[in-house]
Amino acid sequence: MLKDILSKLPPQVVNPALLVGFETGDDAAVYKISEEQAVVATTDFFTPIVDDPHDYGRIAATNALSDVYANGGKPIMALAIAGFPVDKMPQEQIQQVLAGGVSACADAGVPVSGGHTIDAPEPIYGLAVVGLVHPGKIKRNSDGKDGDVLILGKGLGIGILGAAMSKNELDPEAYKEMLMSTTKLNSIGVDLADVDGVNAVTDVTGFGLVGHLFEICEGSGLAAMLDWDKLPILPHALKYAQSGYNTGAADRNWASFADHVAVPDDIEQWHKNMLMDPQTSGGLLVSCPADRADAVVALFHEQ
């Protein structure tokens, strides 16, 4: 749907300094300001996915920062984007949301230097993030090469865990697993920008693994094959997925991408749910030559 909406926009001013725009659905925009430096800019926000306001702020901020990391950039500043039902939501809870965002940004060494807040019918929170990257080290989602292998930096299943939580059926250990994953910074993106052979990078978020992988394939003019037995899946999410938990967003993702995906006839439904499971602050998906895979995996493990 979004792709169709964007296709109807009027022609924009062509500027050769805009190195990455919205054409390939990349994670952030990149604008060249010199031979040595380019600005990376992005914004992301959403309604609460957890009940704890501080955790919500941390997750939303981590998720927004990820888009800069996915392009190989280093975040340098953030602005808060927020809306709260001020007549219904206690001031302390609003403060906790904002504090959670500041906490996540502090972990990234990024100041929250301002922002904009409105009165809204339900809470929304996120960030506009500005970063820097060398123009020659930008990582796009459209630069995969024939023969590359794929590496995913976090386990799948955040949407599955969220579905269980929405029914008040998520156990405490599963919540810890969810929180640990969603608040883990994808700061490895800064280091990946310096690794020779890392061709394409994107972060796996709302479109799920297959949806974001399709964006890499479409932009790169390639196809990809996934080996189910090699997919990283969060242990608790695996349990809930096998029990039938799923999200409406995963079903919508299948409706959007089904024409581009071939799956075995005997694939189980929970497998399909996991492949399109929407991730919040998901891992970076890296496309690199096979002979560089061990070095990239080692870098992930170091962090």
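In this predicted model, G197 touches S287, C288, P289 and R292, once its neighbours within four places in sequence are set aside. As for where G197 sits, that's the loop running from α6 (188–192) to β8. With S287, the pairing spans 90 residues of sequence, yet the two C-alphas end up 8.8 Å apart in space. G197 is partly exposed, because its relative accessibility comes out at 27%, between the 20% and 50% cut-offs.

Move on to strand β8 itself, residues 200–203, and there's T202. Here the relative accessible area is 0%, so T202 counts as buried. Its side chain makes a polar contact with the side chain of D27, at 3.0 Å. D27 also turns up in the wider contact list of T202, along with A70, N141, H212, I216, G283, L284 and L285, again leaving out neighbours within four places in sequence.

One of those partners, A70, leads to helix α2, which covers residues 53–70. The helix is 18 residues long and reaches 26 Å from its first C-alpha to its last, close to the 26 Å expected at 1.5 Å a residue. Of these 18 residues, 15 are buried, so α2 is largely enclosed by the rest of the structure.

Both ends of α2 have something to look at. At its start, a side-chain oxygen of D52 comes within 3.0 Å of the backbone nitrogen of H54. Just after the helix, G72 adopts a positive phi of about 85°.

Note on methods
Residues are numbered from 1 along each chain as its sequence is written. This is a predicted model: local features need pLDDT of at least 70, side-chain atom pairs count only at pLDDT 80 or more; totals for chains, interfaces and linings use all residues. Side-chain values use heavy atoms; hydrogens and water are left out. Helices (H or I, at least four residues) and strands (E, at least two) are DSSP runs, numbered from the N terminus. Buried means under 20% relative accessible area, exposed over 50%, partly exposed in between (1.4 Å probe, protein chains only). A polar contact is a pair of N or O atoms within 3.5 Å; within protein, one must be able to donate a hydrogen and the other to accept it, and residues adjacent in sequence count only if both atoms are side-chain atoms. Contact means heavy atoms within 4.5 Å. The expected span of a helix is 1.5 Å times one less than its number of residues.
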